[in-house]
Amino acid sequence: MPAAPAPNGDSAVMAGLAQPHRWTFSQRLAVVYGAVSLVILLCAGAFTWWQASLLAERNEELAIAETRRMADRIGSALAQARQGVSVLAMRDPMAQGRDSCESLLNSAHLTMDAIVRHLFVVGADHRVNCSTLPSAAGITSTSSVISIAELTGRPVTGVLGQSRVGLGQVISVAHPMRREGRPDGVVAAAVSVDELRNLTAPHLPDIAGLRVWLFDSGEASASLVGDDEPMPAPPAALHASFISPERPDTGTATEKGTVFIQARATDDLTLIATIPEQALRAGAPLEVALPPLLLALVLLGGMGALFWSVQRFVVVPLEAATRRLEAPDGALPAGDAEDAASDVADLIRRLGATRATRDEAIRLRDMLLREAHHRIKNHLALVASFLRLQERQLSDHAALQALRAAQGRMMAIAMTYELLHDGPGSLVALDQMLERFARALAARDMAEGNAAQVQADLEPLEVPADIAVKIALVVNELATNALKYAFIGRAPGTVRIILRRKGAGGFTLQVADDGAGMPAEPRRGLGMTVVDSLVRGIDARIERQPGPGTSFLITWQPRPEPPRR
């Protein structure tokens, strides 16, 4: 009988093409791990970019605020100098003669700030009659500030000019004198730009490349911060921003990698600060990138260990057992068949052991969760104690209010974790939490010297822990705002917290007061921004109800579970 022909190469290739390629479980695990790693890295990059943008915006706002404060400080110093000159003009220094005039000017000069270098009394003929600088007597003044003060009859703060008596760049401040209802000279002060530079130096922000110039209406400038170099021409967009009503007397613009900031000091003087854009935009790259990078590495490492464990201890034994059991009869030696059966039996024993210890693992998990909740509560209490200690060292009212608001938010979160520690599972008794919270709010308000009442009308209800934490923060913001603002200028009233069931597991929560109420279009502060963000985060709805007083109604309904297939 002739032997069958052996299959040629083309037949083998066609047979291989006829069978579709099947991915092994190991290959699928590798693809999933690669895809998840890519998503994590993209999320880390997006988060880093977002954080860098926020840091750049914060740095720019801080630079604007510091420039504004510097301008206010210079404007206040010039206003004090003008007030001192006005007082001298009212006393008519020349009424008792030149010697008395010089004595009066010297006495007044000692009481003024160091920015006032010298005082002058200029007669109607524009000659200096007396001065704290003896060499200036008899000099004819050509200052436009003197002429403007005589013509207008009002005090004048001038522009930048060069002193004729060796004082460098000065700003003249003048006030007209009158005798028997007629103009009779001017009292003037020379404010030194060098002293203004010394005034602003201790309060400068630590920004690399910061430069500040004093700029007047005649486009003259004087350097206050940095090297004594000419001021670069400000861009046209800076003037447009400066006169915009969005931020009065302050403007910003960016040109050729430099950020320009302009702030008004007086009617004729402004400050112009220049900062390299890189100094604001770069921020602290390591500070921005390190947290998300570390988190991404930890997640990737944990997932890699998990996938390796699944591959090593589950997939490999299953694949080996499957290959041996699916082999044709007689294809495997008896020892290999026994090994395959042993692999399957070993796998079954492992699964049985896992099932037998499941209840123990669940019990251990619940115990660890309760311990974690207890530690979180203790850590929050410790941080709140630190904030209370810090509060005693502060005198700024805004900082005190911010610290107290932070303590209130920590108290709200700590109460939720306290109930989680006491409870059997992941649900929190919302009514018990709000009852404790109402008592804590009333006690805190009484400790601050107020007498408002906090009443709670609550139906029993359990909600998930994440919902309870955010509801506690929302109630903290709304009730704290009510206690802080609702009863200003009137007798202490009542804040009510009302909880009602709604539907299957849902609820309505009302926080109301009988105070003065809110304006029709209230200014949105940090508290209401936090409230809106928290309410959106749990897919709830908040609405403001009509008065009297202020009332907010929050409605929450759990999401329906998807149908099981």
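This report describes a helix, several salt bridges, a pocket and a few individual residues of one protein structure. The model is predicted, and local features are taken from residues with pLDDT of at least 70, while side-chain atom pairs count only at pLDDT 80 or more.

**Helix α12**

Helix α12 covers residues 430–447, and because a rise of 1.5 Å a residue gives an expected span of 26 Å for its 18 residues, the separation of 26 Å between its end C-alpha atoms agrees with that expectation. The buried residues of this helix are L430, D431, M433, L434, F437, A438, A440, L441 and D445, a list that includes the acidic residues D431 and D445. After the helix comes G449, which has a positive phi, near 90°.

Helix α12 also holds a salt bridge of its own, in which the side chains of R439 and E435 meet at 3.5 Å, N to O. The two residues are 4 positions apart in α12, which corresponds to about one turn of the helix. E435 is partly exposed, its relative accessible area being 32%, whereas F437 and A438 in α12 are buried.

**Salt bridges**

Side chains of opposite charge can pair when their charged atoms come close. Over the whole structure, a search finds 10 salt bridges, and the table gives three of the pairs with their N to O distances.

| Pair | Distance, N to O |
|---|---|
| E195 and R117 | 3.7 Å |
| R264 and D249 | 3.0 Å |
| R439 and E435 | 3.5 Å |

The salt bridge between E195 and R117 joins helix α5 (residues 193–200), which holds E195, to strand β1 (residues 116–122), which holds R117, so parts 78 residues apart in sequence are tied together. R117 is partly exposed, with 27% relative accessible area.

In the salt bridge between R264 and D249, R264 belongs to strand β9 (residues 258–264) and D249 to the loop between α6 (236–242) and β8 (250–255), so this pair ties together parts 15 residues apart in sequence. Both partners are partly exposed: R264 has a relative accessibility of 25%, and D249 has a relative accessible area of 33%.

Salt bridges also link D457, E459 and R500 in a network.

**The second largest pocket**

The second largest pocket has a volume of about 470 Å³. Its lining is made up of 24 residues, and those nearest the centre of the pocket are S141, S143, S163, R164 and S172. Two or more lining residues come from each of β1, α4 (144–152), β3 (156–162), β4 (169–179) and β5 (182–192), with β3 giving the largest share, 4 residues. Divided by class, the lining consists of 14 nonpolar, 9 polar and 1 charged residues. Strand β1, one of the contributing elements, is also the strand in which R117 lies, so the salt bridge partner of E195 belongs to an element that takes part in this lining.

**Individual residues**

S86 is placed in helix α2 (residues 25–91), where it is buried, with a relative accessible area of 15%. Leaving aside residues up to four places away in sequence, S86 touches P155 and H175.

K502 is placed in strand β14 (residues 494–502) and is partly exposed, with 38% relative accessible area. When residues up to four places away in sequence are not counted, K502 touches F507, T508, T555 and Q557. For one of these contacts the separation along the chain is given: K502 and T555 are 53 residues apart, and their C-alpha atoms are separated by 8.4 Å.

**Positive phi outside glycine**

Most residues other than glycine have a negative phi. Which backbone angle is notable at D92 and H126? D92 has a positive phi of about 55° although it is not a glycine, and H126, likewise not a glycine, has a positive phi of about 65°. D92 lies in the loop between α2 and α3 (98–111) and is buried, with a relative accessible area of 17%, under the 20% cut-off for that class. H126 is found in the loop between β1 and β2 (128–131), and its relative accessibility of 21% makes it count as partly exposed.

Methods. Residues numbered from 1 in each chain as written. Heavy atoms only, no water. Expected span 1.5 Å × (residues − 1). Buried < 20%, exposed > 50% of the residue type's maximum accessible area, 1.4 Å probe, protein only. Salt bridge = Lys/Arg side-chain N within 4 Å of Asp/Glu carboxyl O. 1 Å grid on protein atoms, 1.4 Å probe; cavity = no way out; pocket = protein on both sides within 12 Å on 5 of 7 lines; lining within 4 Å. Points joined across faces, edges and corners; volume = space filled by probe spheres on them. Nonpolar A, V, L, I, M, F, W, Y, C, P; charged D, E, K, R; others polar. Contact = heavy atoms within 4.5 Å.
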